[in-house]
Amino acid sequence: MIPFVKAHACGNDFLIIEEELAGRGHAALARRLCARNTSIGADGIEFLERRAGGQFFLRLFNSDGSEAELSGNGTRCVAAWLAQSEGLSEVALGTHGGVRTCRVVEADGAVYRIESGMGVPRVMPRTIVVAGVGEVAGAMVNVGNPHFVVFVESEDFGAHGLSWQELGAKISTSPLFAHGTNVEFVQVRSASEIGFRIYERGCGPTTSSGTGTCAASAAATVLRGTARELTAVAEGGAQRTVWPANDAAMLLTGPAEIVCVGEAFAAEPAR
């Protein structure tokens with residue numbers, strides 16, 4: 001049996017499994033355990049490695065079995081679990097996208113509000129050509145993982161005659177991005193608030209994304225002149241970003257909730 005924790009941040013849900021239990025089966029475990037209808041269900045698995053000197057390192061595998069650099073929401077979920085299970089109010093978590101330090105701001109039972117240092121966003125305005133669509137103006141944003149941000153005016157977040165889900169799928173898998181990209185569709189609602197939708201690489205539409213929140217906020221500040229403190233509202237709820245300057249690290253604050261703990265079969269049962 002494989003012990004697991006399930007947690008979510010604004011509906012963006014993850015399983016947390018100790019790295020030593022994965023063997024070499026990270027991708028297969030992610031595909032099997034993240035399946036919504038036949039298993040536990042999640043957007044991805046955070047594999048938690050405990051290193052010498054009390055250090056932690058995370059490997060994130062999406063529900064399709066692909067590995068990503070990091071997840072802002074997934075990192076926050078792990079920080080919430082370490083706060084609950086080991087009493088850590090602040091923790092540095094290594095990822096393939098850099099170290100992310102998470103601090104518990106408040107806690108209420110299994111629900112935590114956590115501030116995370118998310119590194120320095122890099123925003124590059126870019127117009128790309130998408131097969132079957134044509135030119136799409138937006139911005140490539142790197143926050144430890146890749147994003148493409150599209151600004152929209154429509155209430156339903158659609159653009160170029162397509163729903164955001166359809167256009168997001170085309171952009172995310174475009175050969176322009178060798179390793180794929182996450183895609184955000186952003187409405188600027190005021191100088192201090194944006195709304196957005198997320199098409200996540202390796203997962204598809206998600207209710208929230210921590211790095212997506214940061215990418216959308218950074219692009220809005222650089223390209224639309226919004227405030228450096230923003231409320232970013234996705235389908236799963238609001239998160240808060242603070243970006244003091246273009247060369248400074250962005251801070252992301254949002255909730256994370258521990259859903260349950262349990263055990264999964266190490267091998268897929270015969271059917």
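How far is the sulfur of cysteine 102 from the closest cysteine sulfur, and in which residue does that closest sulfur lie? In this predicted model, the separation is 10 Å and the partner is cysteine 77, which is too far for a bond. Cysteine 77 also holds the closest cysteine sulfur to that of cysteine 10, here at 9.3 Å, again too far for a bond. Since a disulfide calls for sulfur atoms within 2.5 Å, neither distance qualifies, and the count of disulfides comes to zero. Both of these cysteines are shielded from the surroundings of the chain in terms of accessibility: cysteine 102 is buried, with a relative accessible area of 2%, and cysteine 10 counts as buried at 8%.

Turning to the aromatic residues, the count of aromatic pairs comes to three. One of them joins tryptophan 164 and phenylalanine 185 in a tilted arrangement, with 6.4 Å from centre to centre and 55° between the planes. This pair links distant parts of the chain, as its members are 21 residues apart. Tryptophan 164 belongs to helix α3, which spans residues 164–172, while phenylalanine 185 sits in strand β12, made up of residues 182–190. Tryptophan 164 and phenylalanine 185 are both buried.

Aromatic rings also meet charged side chains in this model, and two arginines illustrate the point nicely. Arginine 51 lies over the face of phenylalanine 57, at 4.2 Å from the ring centre. For arginine 228, the charged end sits over the ring of tryptophan 243, at 5.2 Å from the centre of that ring.

Terms used:
Residues are numbered from 1 along each chain as its sequence is written. This is a predicted model: local features need pLDDT of at least 70, side-chain atom pairs count only at pLDDT 80 or more; totals for chains, interfaces and linings use all residues. Side-chain values use heavy atoms; hydrogens and water are left out. Rings of Phe, Tyr and Trp (its six-membered ring) pair if their centres lie within 6.5 Å; planes under 30 degrees apart count as stacked, over 60 as edge-to-face and the rest as tilted. Helices (H or I, at least four residues) and strands (E, at least two) are DSSP runs, numbered from the N terminus. Buried means under 20% relative accessible area, exposed over 50%, partly exposed in between (1.4 Å probe, protein chains only). A charge sits over a ring if NZ of Lys or CZ of Arg is within 6 Å of the ring centre and within 35 degrees of the ring normal.
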